[in-house]
Amino acid sequence: MIDNSLHAPVPRVRFAALPTPIEPLPGLSAALAASGVHRCPRLLVKRDDLTGLAFGGNKARKLEFALAEARANGAKTLVTVGAAQSNHCRQTAALAARMGLGCILVLSGQPEENPSGNLLLDTLFGAEIVWAGSESREAVLQRTFNTAWEEGRRPYLIPLGASNGVGTLGFEAAFHECMDQAAAQNLAIDWIVVASSSGGTQAGLALGARRSNWSGRVLGISIDRPEQDLQLLVSRLANDAAERLGQTFRLSPEEIHVNADYLGQGYGVMGSAEREAIRLFARSEGLLLDPVYTGRAAAGMLDLIRKNFFRPDETVLFWHTGGTPALFAGRYARSL
């Protein structure tokens, strides 16, 4: 069903299990207190690992809007790009299977003999996988799209992370969902902390916050980009989405809150900080984080809590963006 009613004159195909719950994190708070943290803010989590599409994840929200545009364009094949353990590619492949569409994934690197984690699921969903190898992934993506078009497959190109003006609308709507829940539960949220990489998730939240004149802050923990680069990217995406909503205001890069102190050894490299965060959430809350995004974002949030960055009278909501299948990828599972 296509829905034009929510927040924007933009088509949306509803398939995600929404709204996702907001839950308290008492076990994590107790574990932090037991370790000597005595100025811990109130901690909440927004469970976008429960969006219901192929183990859940934040990309389902973006894909609701991307799919509507694809259908409007008469698309028959979804084409997108990512790393071998891309959560976005896994959810795109699942969506294509569910909707009876073809799916082509352009992935970084070389073919893997024994696929695991997200890559295993990509193959189960029947996605056609094109490996970039030593070539530029973007060049391979464009060539793959052009070939699919010439073959009459009516491809629709979804960018990395579904992060463009269309995909960003998914998290503009998500912000309003979250604030409606908070009001119903009498919660005053001061901070939203979220993993930020391709930028669309943070951009949508920042746009929703601006449209609502929210007094809190959306803090993106950068996964792989320097602070100023991510600020520029997020503001551009937010402004692209704002134009689609008919808004005349613009967000400047300086209005985007980013912390890039937790890049570790690079994208997709799980270090001691990520392992500690994954284990702490698992053992204190029975909650699974992933090794690339939520593990790193949670590690950053935990460090900021320990440094008294947040006041003890504030409420901090950690936006769980999913990614569970990556835990079962061989190289990550072996190091946990």
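Okay, let me start with one residue: Arg-154 comes out as partly exposed, because its relative accessibility is 36%. Keep in mind that this is a predicted model. What makes Arg-154 worth a look is its backbone, with a positive phi of about 45° even though it is not a glycine. In general, most residues other than glycine have a negative phi. You'll find Arg-154 in the loop between H5 and E6.

There's another one like that, Asn-308. Its phi is positive too, about 60°, and again it is not a glycine. Asn-308 sits in the loop between H10 and E10. With 38% relative accessibility, Asn-308 counts as partly exposed.

While we're on backbone oddities, go to the segment before E1, where Pro-19 lies. The peptide bond joining Leu-18 and Pro-19 is cis, with omega about 0°.

Right, on to the sheets. Since Arg-154 leads into E6, let's take that sheet now. Four strands form an open sheet in the order E5-E4-E3-E6, and the pairing is parallel. Strands E5 (128–131) and E6 (155–157) are the edges; each has a single partner strand, so one side of each is left without a neighbour in the sheet. From one strand to the next, the twist averages 25°.

In the middle of that sheet, E3 (residues 77–82) and E4 (residues 102–107) run parallel and are joined by six bridges. If you want a landmark for the register, Gly-82 has Leu-107 in E4 as its bridge partner. Then there's helix H5, residues 137–150, which lies across E3, E4, E5 and E6 and runs at about 155° to E4.

Now the other sheet. This one is open as well, with six strands in the order E1-E2-E10-E7-E8-E9 and mixed pairing. Here the edges are E1 and strand E9 (257–259), each with a single partner strand, so one side of each has no neighbour in the sheet. Ignoring direction, neighbouring strands are turned by 30° against each other on average.

Let's zoom in on E2, residues 42–47. Five of its six residues are buried, so to speak a mostly covered strand. On one hand, E2 pairs with E1 (residues 22–24) in the antiparallel sense over three bridges, and Pro-24 has Leu-44 as its bridge partner in E2. On the other, E2 pairs with E10 (residues 315–320) in the parallel sense, over six bridges. There, Leu-43 stands opposite Val-316 in E10.

So what about packing? As a general point, nonpolar side chains in soluble globular proteins tend to be buried together. In this model the largest nonpolar core has 36 residues, and the ones touching the most other members are Leu-32, Phe-281 and Phe-318. At least two residues each come from helix H1 (26–34), E2, strand E7 (191–196), strand E8 (217–222), helix H9 (272–285), helix H10 (294–306) and E10. H10 gives the largest share, seven residues.

Take Leu-32 as the example. Not counting residues up to four places away in sequence, Leu-32 touches Val-37, Cys-40, Leu-43, Leu-280, Leu-302, Ile-305 and Arg-306. Separate from all that is a second core of 26 residues, which includes Val-13, Leu-53, Ala-66 and Ala-96.

Last stop, a charged residue. Where does Asp-122 lie? Asp-122 is in helix H4, residues 117–124. And which side chain of opposite charge is nearest to Asp-122? That would be Arg-90, 6.3 Å away; Asp-122 is buried yet has no salt bridge. The cut-off that matters here is a side-chain nitrogen within 4 Å of a carboxyl oxygen.

As for what surrounds Asp-122, leave aside neighbours within four places in sequence, and the contacts are Ala-84, Cys-89, Arg-90, Ala-93, Leu-105, Leu-107, Ala-127 and Ile-129. You've met Leu-107 already, as the bridge partner of Gly-82. And Arg-90 is on that contact list, though there is no salt bridge for Asp-122.

That's my tour; happy to pull any of these up on screen.

How values were computed:
Residues numbered from 1 in each chain as written. Predicted model: local features only at pLDDT ≥ 70, side-chain atom pairs only at ≥ 80, totals over all residues. Heavy atoms only, no water. Buried < 20%, exposed > 50% of the residue type's maximum accessible area, 1.4 Å probe, protein only. Pairing = 2+ DSSP bridges. Axes fitted to C-alpha atoms, helices over the stretch in contact; angles between N-to-C directions. Contact = heavy atoms within 4.5 Å. Lys, Arg positive; Asp, Glu negative; His and termini not counted. Core = buried A, V, L, I, M, F, W, Y, C linked by side-chain atoms within 4.5 Å.
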